[in-house]
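Q: Could you take a close look at one part of this model for me, the aromatic rings and whatever cysteines there are? I'd like the details in one go.

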Amino acid sequence: MNFVEEHIFDVPLEVVERMYFDTAFCPRKYEELGLEDIKVVDSSDDPEQYFVDCSFVMEPSLPLPGFIKKFLPGGEKISVRQIDRWNTKTRKGELEIKLQGLEKVNIHSVMTLKTHERGAVNVMQWTVECKIPLVGSKLADFLGKDIRSKAASDHAASLKILQDYL
């Protein structure tokens with residue numbers, strides 16, 4: 001499943017860069033979203049190659065279909081590892097999500113941070129793939145829908161945190 005999400009910010013691009021390229025931003029956003037057991041596994045605030053690798057536990061926003069539950073060791077909750085990487089000069093980044101118990105699932109987003117008529121925008125080109133026989137496409141579709149259903153909350157959390165960077 002492939003789709004595009006855009007997070008538009010009504011502030012100059014430089015302000016959004018300060019937020020996105022701050023290693024404290026991702027764990028703070030996860031906390032704002034109500035995720036559990038948030039840990040920064042690794043990070044770098046290198047001026048050119050920023051990254052933050054976090055783990056956390058979350059619940060899907062959509063009800064889990066029965067066939068998915070058998071793949072998840074935590075029942076309704078999912079253990080997640082998310083790595084955000086940015087090249088601060090090109091404003092291009094990647095986001096990789098790994099789900100415990102679903103090692104054959106590939107969730108990846110290519111991100112581009114750029115100016116927008118309202119200020120700035122993060123354009124996220126998502127790819128969700130699953131190589132589990134028989135249920136792979138259904139699982140990929142479910143995960144893609146879950147990501148899309150969370151997009152507004154994710155953006156709202158970013159907007160709230162952004163106020164501290166003005």
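A: Let's start with a term: a residue counts as buried when its relative accessible area is under 20%. Keep in mind that this is a predicted model. Phe21 has 16% relative accessibility, so Phe21 is buried. Tyr50 is buried too, with a relative accessible area of 1%.

Now put those two residues together. Rings pair if their centres lie within 6.5 Å, and planes neither under 30 degrees nor over 60 apart make a tilted pair. By that rule the count is 7 aromatic pairs. Phe21 and Tyr50 make one of them: their ring centres are 6.3 Å apart and their planes sit at 45 degrees, so this pair is tilted. The pair also links distant parts of the chain, since Phe21 is in the loop between α1 (13–20) and α2 (25–32) while Tyr50 belongs to strand β3 (residues 49–58), 29 residues apart. Both residues are also members of a cluster, in which ring pairs link Phe9, Tyr20, Phe21, Phe25, Tyr50 and Trp86.

On to the cysteines. Cys26 is buried at a relative accessible area of 3%, and Cys54 is buried at 0%. For Cys26, the closest cysteine sulfur is the one in Cys54, 5.8 Å away. A disulfide needs the two sulfur atoms within 2.5 Å, so Cys26 and Cys54 are too far apart for a bond. Looking from Cys54 gives Cys26 as the closest cysteine, again at 5.8 Å. A search of the whole structure comes back with 0 disulfides.

Technical notes. Residues numbered from 1 in each chain as written. Predicted model: local features only at pLDDT ≥ 70, side-chain atom pairs only at ≥ 80, totals over all residues. Heavy atoms only, no water. Phe/Tyr/Trp six-rings, centres within 6.5 Å; stacked < 30°, edge-to-face > 60°. Helix = DSSP H or I, 4+ residues; strand = E, 2+ residues; numbered from the N terminus. Buried < 20%, exposed > 50% of the residue type's maximum accessible area, 1.4 Å probe, protein only.
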